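This report looks at a few parts of the structure shown below. It starts with strands, then turns to a contact between chains and a pair of helices.

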Amino acid sequence: MAKKPIDQNDNLLEIRDLKKYFQIGENTLKAVDGVSFTIKRGETLGIVGESGCGKSTAGRTILKLYDPTEGQIIFEGKDLSKLSNSEMKPLRREMQMIFQDPYASLNPRMTVGDIIGEALDIHGLASGAKRKERIQELLSLVSLNPEHMNRFPHEFSGGQRQRIGIARALAVEPKFIVCDEPISALDVSVQAQVVNLLEQLQEKMGLTYMFIAHDLSMVKYISDRVGVMYLGKMVELAESDKLYSKPLHPYTQALLSAIPIPDPEIERNRERIVLEGDVPSPMNPPSGCNFRTRCPKAMPECAAAAPQWKEVEPNHFVACHLYN
Amino acid sequence: MQQLTKEHFQPISVDLRQAEQISRPSLSFWADAWRRLKQNKVAMVSMIFLIALIVCAIFVPMMSSNDYFTTDLAGKNKKPSAEHWFGTDDLGRDVFVRIWYGARISLEVGFAAAAIDLVVGVIYGGIAGFYGGKIDEAMMRFADILFAIPYLLVVILLLVVFEPGVGTIILALTLTGWIGMARIVRGQMLQLKQQEYVLAARSLGADDMRVLFKHLVPNSLGPIIVTLSLTVPSAIFAESFLSFIGLGVSAPVASWGTMANEGLPAMKYYPWRLMFPAVFISVTMLAFNLFGDGIRDAVDPRLRK
Amino acid sequence: MERILEVKDLHVSFHTYAGEVQAVRGVNFHVNKGEAVAIVGESGCGKSVTSQTIMKLIPMPPGEIKKGQILFQGDDLVKKSNKEMESIRGKDIGMIFQDPMTSLNPTMTIGNQIMEGLIKHQNMSKAAAKTRAVELLEIVGIPQPDRRVNQYPHEFSGGMRQRAMIAISLACSPKLLIADEPTTALDVTIQAQILDLMKDLQKKMGTSIILITHDLGVVAEMCDRVVVMYAGKVIEEGTVDEIFYNPQHPYTKGLLRSVPRLDLDRDEPLTPIFGTPPDLLRPPVGCGFTARCENAMRVCQEIDPELNDVNGPSHRAACWLQHPLAQGRS
């Protein structure tokens, strides 16, 4: 990959102690419970975790699709967390989102042209013949046939729809895109198409991605750094290769070991760490460390206090009592 | 088997664009719904009947040499004949013209009630579902309270206060009639606003109005139209029913309900006076309901393939 | 080896408004006793239709079995009536679906759903069936089975539901288990649990498994043989080693190259398969993969290749590159 080197001090986005709670009847669901990280300009930060770990909520809260309960979202030096909807509107051109479900993320009653053109209409970027030209340009950019702009979403395959979603996000020429599980609903052969497209676009347009997924192999492939979330908290964050070669947190270790590798020989000789039980409910998380109920290395102090988020090695953060 | 030669094994260049070609014909949602409706023979027959009914209701009273109010005591209670196709009533009025005149009233009531239900229901349900939370709670409880008042009581009260007539009947029907529509629309809104394409529009910076009218309303149209197609016949039937029990339009205005009412005592001797309005009420009801079913099947996305 | 299932020249079509969609266009494969066979391919390649046809679960109409045989222990299932199928489904052939929530009945307790098959197929008494249900829940690793047996599906988590689903399908010790994407809806750590469980049960009970999946890692872990389907046909089949280390069909190769591997360096570029599969409303004349194949030749557009042995009888591929005249090209 011919990627420009990333300036380690140029933070496009800084998240400080972000929390997002949902009130469900009498209970509080702590979907995101105190997450801090930075995203450097031009990099891809992968966020992995199992369903319910809060990774999608984190992505949506960063884009202010949900109002954060607490914490700061600093984008290019400006705190977004307290901005109103109308104050956010100009910033919507800077940050965009690509959604998981290519079937639910496109309005079935609108033509592909109107779906992509919506951003142009909202921000008054182009109209008339220029609008059409721009829509066709965006369609070609994501390798779709520009002549298909008058067709409806249901006429396209999953991969094609996902590319329509990418074209929509690109219409406003954003700097930052949250990719919320953009490939998990796609066939394997098509996943690579979408991932390669995202990489090409990043190179061409200098985009910064937050890539949310549960497929660790794909996250490893696309990300510069990877953060692992469990039950609303970030448990480990490190450079991609390092996280995979030397995972520190027991949860990361189990997660990596759970992934089957498409190689029969390796699979036959592999010992995996199989975690017992299920993820506890985020309505009622365990005391101390969230992971202790399933952790093969749990110690008495894990129940007493939540572990600190520490930089144990340069650029390698982990929240675990084993490293305190 | 064909003989294979070296020629056959020449590499060809593959145009990857070709692999992206879509071979199925392009169909918008509505074109697709119309296609499915056309395949439904029962619904199509019903639709043709209803169109004929509307056309006749408009033109027959205009073109006929008879009118609905001129009495002819010499020619009362006549059997159906070439001059009076459906016979005459006890005041010698032409039943044929009165039927079509009654159809006007029935259709007027049906469509007006449906239109008011549509407007009020969509706005009310739309606001409740779109904003949700406390607003939704308050609005829907109010609707529940209104819905709990016995319907006949409302009608009788209204008729005491206002003049009996078409306007009063429409008012009586719509006073609580919109609630069904509001519930449907609210349910749709609650469900649709969670969809990712709504989130996508929000992340593009779309405001409430845009989300509502570009995304939520167009996607609720299917259920709205289905509800509407069943509101019309129920309003027509309610009008006939109210007129039949004497709470509807008053003489000399003809409505299918009043005609059936007037024809009832004479059923034994002059059966056509009851038969014609009764048949028209039944067949129209049936046609509207069958057509409504057809529309439901046509726009129900679950049956899509 | 004894063949428990043999599918011969199966053709299945669906009649839609636009015309006849030929979802399965002549599929041949077999499953030996006690082995796990994977069917892999993209969505729309006919793998799910094939498996549902074996169970005769496709809605007819619009579906129609146009041709072919499904020999289960020598009996042709295509010819069986619905009534006869009922005594085979659940008893001789079990099925696990992708979404455990929609495949469990929400108004019945898990216990009753397991007992249903036992009482129907094995004439067990209610009490005996209940004891067996608790046992089965224990086997699939559900804690406190005597309490869980009286609970409803919504009281179970996703992974637990899939375990319960497996317990139901294993209740009558079927000879063949068809698992249609059994772990796709589950998280990786739960997937690992379920795969472990399935492997374990296969060993203990000697059940044959057809595993339908798109996850090649799961295939490598679970299966003995692989059937690769594309555009309604089998385009390659072989043992896992043959398919993973010596793939012959360009599509199989493409599939393997398009998935990133956790154990390899991330600088290795991914090679996607371009384009989309053909619309089976108008199936192509020649090989269905021609339009996406970088090795396409003239013959590929004109004549559909047949499955031929590659090296030995276990490995077969349907590709013109195997033809002597094409040697030295790929």
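A hairpin links strand β11(C) to β12(C) through one residue. Helices (H or I, at least four residues) and strands (E, at least two) are DSSP runs, numbered from the N terminus. This is a predicted model, in which local features need pLDDT of at least 70 and side-chain atom pairs count only at pLDDT 80 or more, while totals for chains, interfaces and linings use all residues. Residues are numbered from 1 along each chain as its sequence is written, and chains are lettered from A and ligands numbered from 1 in the order in which they are written.

Two strands pair if DSSP finds at least two bridges between them. The table gives the pairings of β12 (residues 312–317) of chain C.

| Partner of β12(C) | Sense | Bridges | Bridged residues, including |
|---|---|---|---|
| β11(C), residues 308–310 | antiparallel | three | C:D309 with C:R316 |
| β10(C), residues 233–239 | antiparallel | two | C:E236 with C:A317 |

Chain C also touches chain A, with 38 residues from chain C and 38 residues from chain A in the contact; two residues are in contact if their C-beta atoms, placed from the backbone, lie within 7 Å. On the side of chain C, α8(C) gives the largest share, six residues.

In chain B, the axes of helix α3 (residues 95–131) and helix α4 (residues 133–148) come within 6 Å and cross at roughly 145°. Axes are lines fitted to C-alpha atoms, for helices over the stretch in contact, and angles run from 0 to 180 degrees between N-to-C directions. Among the residues making this contact are B:Y124 of α3(B) and B:M139 of α4(B).
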